[in-house]
Amino acid sequence: MQIKVKFFASLAEIVGCRETVLVLEDKETVKSVWKLVAKEKRIPEGTLCAINRVHCEFCQEVKDNDEIAYFPPMTGG
């Protein structure tokens with residue numbers, strides 16, 4: 001299975017890339033995809049994620065041709 005993974009803003013700096021394509025052998029979740037790309041780096045608290053531009057939970061399984069996106073915590077005032 002192949003998926004596209006995108007990291008926005010400060011998360012791209014943490015993992016060292018803005019976008020990558022992964023070929024996966026086993027079933028993976030949004031959280032395990034982070035671990036595959038980010039190696040030892042923890043997911044920052046408040047990080048949001050989406051599959052195919054729809055908000056999802058980190059426990060959601062990914063499927064072939066999915067696009068996974070990680071967004072840093074929102075701030076504003």
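Is Thr-47 buried or exposed? In this predicted model, Thr-47 has a relative accessibility of 7%, so the residue counts as buried. Its place in the chain is the loop between α2 (30–38) and β3 (48–51). The side chain of Thr-47 has a polar atom sitting 2.7 Å from the backbone oxygen of Pro-44. Further along the sequence, and back towards its start, Thr-47 also has company: leaving aside residues up to four places away, its contacts are Leu-11, Phe-58, Tyr-70, Phe-71 and Pro-73.

One of those partners, Tyr-70, is a good way into the interior. Tyr-70 is buried, with a relative accessible area of 0%. With residues up to four places away in sequence set aside, its contacts include Val-5, Phe-7, Leu-11, Val-30, Trp-34, Leu-48 and Cys-49. The largest nonpolar core has 19 residues, and within it Phe-7 and Tyr-70 touch the most other members. At least two residues of this core come from each of β1, α1, α2, β3 and β5, and α2 gives the most, with five. As a background point, nonpolar side chains in soluble globular proteins tend to be buried together.

What does α2 itself look like? Its buried residues are Val-30, Ser-32, Val-33, Trp-34, Val-37 and Ala-38. These pack against quite a list of elements: β1 (2–7), α1 (10–15), β2, β3, β4 (54–56) and β5 (67–71). Right after α2 comes Lys-39, which has a positive phi, near 60°.

On the other side of α2, in the loop that joins β2 (19–23) to this helix, sits Glu-28. With a relative accessibility of 16%, Glu-28 counts as buried, because the cut-off for that label is under 20%. Its side chain makes a polar contact of 2.6 Å with the side chain of Ser-32, itself one of the buried residues of α2. Glu-28 also touches Val-33, Leu-36, Gln-60, Glu-61 and Val-62, again not counting residues up to four places away. Take Glu-61: in sequence Glu-28 and Glu-61 are 33 residues apart, yet their C-alpha atoms are 5.6 Å apart in space.

Then there are the aromatic rings, which make five pairs. In one of them, Phe-8 and Phe-71 are stacked, with 4.8 Å from centre to centre and 10° between the planes. Phe-8 belongs to the loop between β1 and α1 while Phe-71 belongs to strand β5, so this pair ties together parts that are 63 residues apart in sequence. Neither ring residue is fully tucked away: Phe-8 is partly exposed, with a relative accessible area of 35%, and Phe-71 is partly exposed too, at 26%.

Phe-58 and Tyr-70 make another pair, with ring centres 6.4 Å apart and planes at 25°, so this one is stacked as well. Here the link is between the loop from β4 to β5, where Phe-58 lies, and strand β5, home of Tyr-70, so the pair ties together parts 12 residues apart in sequence. Phe-58 is partly exposed, with a relative accessible area of 22%, whereas Tyr-70 is buried at 0%. Ring pairs also link Phe-58 and Tyr-70 with Phe-7 and Trp-34 into a cluster. Two members of that cluster, Phe-58 and Tyr-70, bring the account back to its start, since both are among the residues that touch Thr-47.

Technical notes
Residues are numbered from 1 along each chain as its sequence is written. This is a predicted model: local features need pLDDT of at least 70, side-chain atom pairs count only at pLDDT 80 or more; totals for chains, interfaces and linings use all residues. Side-chain values use heavy atoms; hydrogens and water are left out. Helices (H or I, at least four residues) and strands (E, at least two) are DSSP runs, numbered from the N terminus. Buried means under 20% relative accessible area, exposed over 50%, partly exposed in between (1.4 Å probe, protein chains only). A polar contact is a pair of N or O atoms within 3.5 Å; within protein, one must be able to donate a hydrogen and the other to accept it, and residues adjacent in sequence count only if both atoms are side-chain atoms. Contact means heavy atoms within 4.5 Å. A nonpolar core is a set of buried Ala, Val, Leu, Ile, Met, Phe, Trp, Tyr and Cys residues joined through side-chain atoms within 4.5 Å. Rings of Phe, Tyr and Trp (its six-membered ring) pair if their centres lie within 6.5 Å; planes under 30 degrees apart count as stacked, over 60 as edge-to-face and the rest as tilted.
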